[in-house]
Every structure is written in structure tokens, then in C-alpha cells.
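Student: Please give me a close look at one part of this model: the strand at the centre of its nonpolar core, and the loops around it. I would like one connected account.

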Amino acid sequence: MFLVAFSLSCYHGTVLSPDYPEGYGNNMNCVWLIQSDPGSRIHLAFNDFDLEAPYDSLTVKDGETNDAPVIGRFSGAENPSHLTSNTNTLRLEFQADHSMSGRGFNITYSSTYQFKLLFLLLFLIA
Ligand SMILES: *[C@@H]1O[C@H](CO)[C@@H](O)[C@H](O)[C@H]1NC(C)=O
């Protein structure tokens, strides 16, 4: 198991699934934490989305922690519509099972405020 983490600051950015658009591989758990300034909200726009339904999925939570409220759970090949957080943190959790892969996803996040993005990638190698 590998753990990769990095952070950056900017006003908008893109979250891509690993190796997008070549397919994300198998046995993966990735977590992105997107945090903007206190009192601001974060918008997500889905530019492209293709995950193997129903086994691979992206869960969007409104907050930093694992038990934050879920505001969306997506799988399949249809682009989800825009999402806006109620808090200043979004947690994106991507899970892929042991077989098959779609193109993955390309998501733009934005706010009028500055961001921190923290990306945790956990590969579980079978
Ligand atoms: C992600 O989507 C945006 C908006 O459509 C596009 O400009 C960008 O090139 C895409 N990124 C990749 C890696 O395909």
C-alpha cells in the first residue's frame, strides 16, 4: 500500500482520477479534500465522468471527515450535474474494485476564495 499526499493553493482547479483518461486501474481508494476560506462554498462541475457501474464510485461529502454528510454518490457514464457545498470543505472519495475500469473523471472546483487541496491516494494491491 502506498500513500501519496500533496497540497496546493489556488482559486480553482481540476480533480482528475488517476491516469485520466486512460483508465484508473483497480483496487483503489482515493480521497481528495478541497478546502476554501471559512464562510465560502465550493462549486463542482463535472466535465467528464465514466466509472464502471455499480462497482466503482465517487462519493462527495460536505465536510472534512469520513462521517460528513453525503451530498452525492455517482457511478456509471452519465455526467452528474453541478454541486455546491454548504460548508467550506468537500471530501471526494473514489473507490475502484478489483476489475474493469472506465475513463475516470475530470472535475473542476471553484470558489471566489482561495483553496487548499489535499490528495490522498491509497492503492491496495491485490
Ligand atoms: C478537463 O476538462 C476541462 C474542461 O472541459 C478541459 O479543459 C481539460 O483539458 C480536461 N483535462 C484533461 C486532463 O483532459
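**Strand β7 and its surroundings**

Tutor: Start with confidence. This is a predicted model. The protein chain averages a pLDDT of 86, and 81% of its residues score at least 70. Residues 1-7 fall below 50, yet this stretch has 14 contacts in the model beyond near neighbours in sequence. Where pLDDT is low, the predicted coordinates should not be read in detail.

Now the overall plan. The protein chain has zero helices and eight strands. Along the sequence the pattern reads β-β-β-β-β-β-β-β. Of its 126 residues, 25% count as buried. Take the contacts between residues at least 6 apart in sequence: 83% of them join residues at least 24 apart.

Next, strand β7, which spans 89-96. β7 pairs with β4 in the antiparallel sense, over six bridges. One residue pair places the two strands: R91 in β7 is the bridge partner of K61. β4 also pairs with β5, residues 70-74, again in the antiparallel sense, here over four bridges. In that pairing, T59 has R73 of β5 as its bridge partner. β4 therefore has β7 as one pairing partner and β5 as another.

T89 lies in β7. Is T89 buried or partly exposed? T89 is partly exposed, because 19 other C-beta atoms lie within 10 Å and a residue needs 20 or more to count as buried. Sequence neighbours within four places aside, T89 is in contact with L33, I34, Q35, G63 and E64. The C-alpha atoms of T89 and S36 are 6.5 Å apart, although 53 residues separate the two along the chain.

L90 brings in the core. The largest nonpolar core has 19 residues. L58, L90, L92, F94 and Y109 have the most contacts inside it. The elements that give two or more residues to this core are β2 (28-36), β3 (43-50), β4 (57-62), β7 and β8. In general terms, nonpolar side chains tend to be buried together in soluble globular proteins. Residues up to four places away are not counted in the next list. L90 touches I34, I42, L44, V60, D62 and S85.

L90 also gives a reference point for R41. The two residues are 49 apart along the chain, and their C-alpha atoms are separated by 9.1 Å. R41 is found in the loop between β2 and β3. R41 counts as partly exposed because it has 15 C-beta neighbours inside 10 Å. Leaving aside neighbours within four places, R41 is in contact with T84, S85, N86, N88 and S111. S85 is thus a contact of R41 and of L90.

Now follow the chain out of β7. D97 is found in the loop between β7 and β8 (104-123). D97 is partly exposed, with 14 other C-beta atoms within 10 Å. Beyond four places in sequence, the contacts of D97 are N26, Y55 and D56. D97 and E52 are 45 residues apart in sequence and 9.1 Å apart in space, C-alpha to C-alpha.

M100 is found in the loop between β7 and β8 too. M100 has a positive phi of about 65°, although it is not a glycine. M100 is partly exposed, with 13 other C-beta atoms within 10 Å. Another positive phi belongs to N27, near 50°. N27 is found in the loop between β1 and β2. With 15 C-beta neighbours inside 10 Å, N27 counts as partly exposed.

Two peptide bonds also deserve a check. Y20 and P21 are joined by a cis peptide bond, with omega about 0°. P21 lies in the loop between β1 (2-16) and β2. A53 and P54 are joined by a cis peptide bond as well, with omega about -5°. P54 sits in the loop between β3 and β4. Most residues other than glycine have a negative phi, and most peptide bonds are trans.

Finally, the ligand. Which residues surround the ligand? They are T14, L16, Y20, N47 and N106. By class, this shell has two nonpolar, three polar and no charged residues. Y20 thus takes part in the ligand shell, and the cis bond to P21 starts from Y20.

Key:
Residues numbered from 1 in each chain as written. Predicted model: local features only at pLDDT ≥ 70, side-chain atom pairs only at ≥ 80, totals over all residues. Buried ≥ 20, exposed ≤ 12 C-beta atoms within 10 Å, placed from the backbone. Contact = placed C-beta atoms within 7 Å. Near = placed C-beta within 6 Å. Nonpolar A, V, L, I, M, F, W, Y, C, P; charged D, E, K, R; others polar. Core = buried A, V, L, I, M, F, W, Y, C linked by C-beta atoms within 7 Å. pLDDT = per-residue confidence, 0-100.
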